[in-house]
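Me: Please take a close look at one part of this model, the open sheet and what packs against it, and walk me through how the pieces fit together.

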Amino acid sequence: APRASRGQSRGGQARGGKLTFLAFIVKAVIEALKLHPTFNAMLDDEEDEIVVKKYYNIGIAVDVPDGLIVPVVKSADEKSIFDIAADIQRLAQAAKERTLDLADVKGGTFSITNVGAIGGYAATPIINYPEVAILATMKIEDRPRAAGGAVVVRKTLPLCLAFDHRVNDGAEAARFTKDLIAFLESPEKLPLSGAA
């Protein structure tokens with residue numbers, strides 16, 4: 001049997017956690033944010049300026065009995081996909097157990113809310129202030145698509161982006177989403193290890 005990669009055990013386990021699609025989505029989001037940095041920003045109302053962040057702290061919305069908590073995977077661009085998967089699992093568990101530290105929910109630069117387990121095709125996520133954008137990922141499932149003049153069944157992942165129109169317009173949001181889709185469709189282009 002092949003040896004497990006560094007940080008990964010047999011069976012897709014990532015340092016005590018399971019490697020899921022969400023870790024790949026985080027990596028793809030970071031690469032798209034690098035191409036469209038004004039989505040990894042905040043609007044400073046007092047100074048009336050856009051502050052573009054040079055680091056990538058990705059918030060992951062976690063469903064808990066009385067609402068959502070958004071813990072943050074800090075410096076996600078510097079982590080391997082396995083470390084991101086382990087962080088997501090650790091933070092989600094801490095959110096459900098109500099053992100998160102205040103530092104675990106502060107400092108986000110962009111958030112993802114994964115509602116795929118619940119189902120549905122579209123949503124309008126609410127931006128996690130002071131961030132300027134949030135991505136909702138829906139359920140991955142078989143859907144009919146046109147390909148080469150025929151209708152075929154393909155696994156698809158609907159994405160819903162909400163953004164602050166004071167910082168970005170719809171055309172830039174479409175470009176961000178198009179680049180994000182390209183990274184998701186070609187995961188071999190993602191840096192799956194930590195920062196180079």
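Reply: A good place to begin is a single pair of residues, for in this predicted model Thr137 stands opposite Leu159 in strand 14. That pair belongs to a wider contact between two strands, since five bridges join strand 11 to strand 14, and the two run antiparallel. Both strands are part of an open sheet of five strands, whose order is 9-6-10-11-14 and whose pairing is mixed. At its edges are strand 9 (72–73) and strand 14, each of which pairs on one side only. Helix 1 packs on this sheet, where it touches strand 6, strand 10 and strand 11, and the direction of helix 1 makes about 150° with that of strand 10.

The packing can also be followed through the side chains, as the largest nonpolar core has 32 residues, and those with the most contacts inside it are Val26, Ile58, Phe110, Ile112 and Leu161. Among the elements that give two or more residues to this core are helix 1 (21–35), strand 6 (58–60), strand 10 (110–114), strand 11 (133–137) and strand 14 (159–163), and helix 2 (81–97) and helix 3 (170–185) are also on that list. Helix 1 gives the most to this core, with nine residues.

Leu161 deserves a separate look: leaving aside residues up to four places away in sequence, Leu161 touches Phe39, Phe110, Ala133, Ile134, Leu135, Ala173, Phe176 and Thr177. Apart from the largest core lies another, of five residues, among them Val64, Ile69, Ala92 and Ala95.

How values were computed
Residues numbered from 1 in each chain as written. Predicted model: local features only at pLDDT ≥ 70, side-chain atom pairs only at ≥ 80, totals over all residues. Heavy atoms only, no water. Core = buried A, V, L, I, M, F, W, Y, C linked by side-chain atoms within 4.5 Å. Buried < 20%, exposed > 50% of the residue type's maximum accessible area, 1.4 Å probe, protein only. Helix = DSSP H or I, 4+ residues; strand = E, 2+ residues; numbered from the N terminus. Contact = heavy atoms within 4.5 Å. Pairing = 2+ DSSP bridges. Axes fitted to C-alpha atoms, helices over the stretch in contact; angles between N-to-C directions.
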